[in-house]
Amino acid sequence: MKYELIIIGGGAAGFSAALEAERKNKKTLIINNNENIEIGGTCVNVGCFPTKHLLYKAELIYKIQNNIFEGIKTNLQIDYSKIIEEKDKLVLKARKEKYIKILKNLKNVEFLNGKAKFIDKNTIIVNNKKIKGEKFLIATGSRTYIPQIPGLENIEFLTNKEALDLKELPDKLIIIGGGALGLEFAQIFSRFGSKVVILEATNHIMNGVDDDFERLISNYLKDEGIKIIKNAKIKVIKNNVVILEDDKKIQFDKLLIAAGRVANTDDLGLEKINIKLGNRKEIVVDKYLKAVENIWAAGDVIGNPMLETIAAKEGNLAVKNMYSESKEKMDYSIIPYAIFTDPQFASVGLTEKEAKKNDIKIKCNFVKLENLPKAIAIKDTKGAIRFVINENTEEILGIQLLSPLAGDIIHEATMIIKNKMKIKEVIETIHVFPTLSEIIKLGAQDFKRDISKMSCCVE
């Protein structure tokens, strides 16, 4: 049988593409190309979904153990094996409800587990069977980047997948990498009871966000007992000890690699169809997500930014562009992202660093959460907000936020950036009082008045 569309990859990009193909009544085959991850891909199985579940539990544990409210007494008991057991049940349910059931309702889409490899531009081989297609979408995702560290090959290190499957809590955990994944896992395991050390090879954690925010989150994590070593150059790993180039020795029970991601393009036979790859093996595509004549690619496999929502949008757009004369392209300038530590960090648009690097004339501020009535009321004042605005027009170019629920609040900021709103328009927008999202309005008001001299709800 010849399919109109063959999708290689069973994650967010692949499923989004399959749904769009169904709407267009295209005979489609979707192949789950990753033998190590179930249908649904990284996010639902070993990524954002289970980690957010564990982060929420860890936050509850931390707040109960470090109770700051008068009149409340607690006696907390933790069963780590039960915590992981419940996580597994929720992942299984989400996979079933959001992927397996969805597939059954797609009349034009077939599903196949197997490793696909191109023979030519219209033929792949899967499970020793040749399958032909008119168009293809490669959406095979990414995996953990494993750095070349002497001695690493001699230990059973963890990636995000193995870390989520641990049945026992490690006493001493080393995490290599201080990006979003490393910080989130650090806080999860630290709050469950592990002693955690983060080793970051560069001089910055959080992938180089503005220094003010990096300084705050670093201090918050250190206050919780998480040790962060920047510019950490590893000489060798042996006998459950990491030895740095300055001969500092750090013992561990488990070691987690969180040093970034690399695209899954190995063994796809891409050399036979003239597909170009980038520095981290990512597929090079044009602005419409086309790689070569009849083959498109979407999601992590085309490189940064590697986010589940971006993968889904790219998968959808790729299929639209395959079957439409009017092409659409991604606007990466208005995509929000979040790091789900506590407090959470979220950002959309330009940062101060980015604006200065591009010689854009800007004005910035930095308003701490301690000025927000809701934060004061719930005694959770960790964090701050920064607006980056055009110096002349006062159009808002970027917003960064460190606060509880920043990942939720950032969507208001996204609409502000998308609609090119100005400071005056945000100030004139009435917000519910008292809420955490009022920090958006307070951040705007800071450009026009001394907020330390304002009462609540002042326009």
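Contact here means heavy atoms within 4.5 Å. With that in hand, welcome to a set of close-up views of a predicted model.

**Figure 1. Helix H1 meets helix H8.**
This view brings together H1, residues 12-23, and H8, whose axes come within 7 Å and cross at roughly 35°. The crossing in which H1 passes H8 is right-handed. On the H1 side, the contact is made by Ala12, Ala13, Ser16, Ala17, Glu20, Ala21 and Arg23, and on the H8 side by Glu308, Ala311, Ala312, Gly315, Asn316, Val319 and Lys320. Sorted by class, the contact of H1 with H8 holds seven nonpolar, three polar and four charged residues.

**Figure 2. Helix H3 beside helix H6.**
Two packed helices are described by the angle between their axes and the distance between the axes. For H3 (residues 48-65) and H6 (residues 180-192), the axes come within 9 Å and the crossing angle is roughly 45°. H3 and H6 are therefore oblique to each other, and H3 passes H6 in a left-handed crossing. From H3, look for Thr51, Lys52, Leu54, Leu55, Lys57, Ala58, Glu59, Ile61, Tyr62 and Gln65; they meet Glu184, Phe185, Gln187, Ile188, Arg191 and Phe192 of H6. Eight nonpolar, three polar and five charged residues make up this contact of H3 with H6.

**Figure 3. Helix H3 beside helix H4.**
Here the partner of H3 is H4, residues 80-104; their axes come within 10 Å and cross at roughly 145°. This time the crossing, with H3 passing H4, is right-handed. H3 contributes Phe49, Pro50, His53, Leu54, Lys57 and Ile61 to the contact, while H4 contributes Ile83, Ile84, Glu86, Lys87, Leu90, Val91 and Ala94. The residues in the contact of H3 with H4 comprise nine nonpolar, one polar and three charged. Readers coming from the previous view will recognise Leu54, Lys57 and Ile61, which are listed in the contact of H3 with H6 and in that of H3 with H4.

**Figure 4. The disulfide of Cys43 and Cys48.**
A disulfide is a covalent bond between the sulfur atoms of two cysteines. How many disulfides are counted in this model? The count comes to one. Cys43 and Cys48 form a disulfide, with 2.1 Å between their sulfur atoms. The angle about the S-S bond is -130°, and the link of Cys43 and Cys48 is left-handed. Cys48 has a relative accessible area of 28%, so Cys48 is partly exposed.

**Figure 5. Glu214 and Ser218 in helix H7.**
Both residues of this view sit in H7: Glu214 is found there, and Ser218 belongs to this helix of residues 211-223. Is Glu214 buried or exposed? Buried means under 20% relative accessible area, and Glu214, at 4% relative accessibility, therefore counts as buried. Ser218 counts as buried too, because its relative accessibility is 5%. Leaving aside neighbours within four places in sequence, Glu214 is in contact with Asn203, His204, Ile205, Met206, Val209 and Lys230. One of these partners, His204, is 10 residues from Glu214 in sequence and 7.6 Å away in space, C-alpha to C-alpha. With residues up to four places away in sequence not counted, Ser218 touches Ile205, Ile228 and Lys230. Ile205 and Lys230 thus appear among the contacts of Glu214 and among those of Ser218.

**Figure 6. Two cis peptide bonds leading into prolines.**
One cis peptide bond runs from Asn304 to Pro305, with omega near -5°. Where does Pro305 lie? Pro305 is in the loop between strand E17 (295-297) and helix H8 (308-322). Another joins Asp342 and Pro343, where omega is about 0°. Pro343 is in the loop between strand E18 (337-339) and strand E19 (344-349).

**Figure 7. Positive phi at Leu289 and Lys420.**
Leu289 is not a glycine, yet its phi is positive, about 75°. This residue lies in the loop between strand E15 (261-263) and strand E16 (290-292). Leu289 counts as buried because its relative accessibility is 3%. Lys420, also a residue other than glycine, has a positive phi near 50°. Its place is the loop between helix H11 (406-418) and helix H12 (423-427). At 55% relative accessibility, Lys420 counts as exposed, whereas Leu289 counts as buried.

Conventions. Residues numbered from 1 in each chain as written. Predicted model: local features only at pLDDT ≥ 70, side-chain atom pairs only at ≥ 80, totals over all residues. Heavy atoms only, no water. Helix = DSSP H or I, 4+ residues; strand = E, 2+ residues; numbered from the N terminus. Buried < 20%, exposed > 50% of the residue type's maximum accessible area, 1.4 Å probe, protein only. Disulfide = S-S within 2.5 Å. Axes fitted to C-alpha atoms, helices over the stretch in contact; angles between N-to-C directions. Parallel < 35°, antiparallel > 145°, perpendicular 65-115°, else oblique. Left-handed = near helix turned anticlockwise from the far one by under 90°. Nonpolar A, V, L, I, M, F, W, Y, C, P; charged D, E, K, R; others polar.
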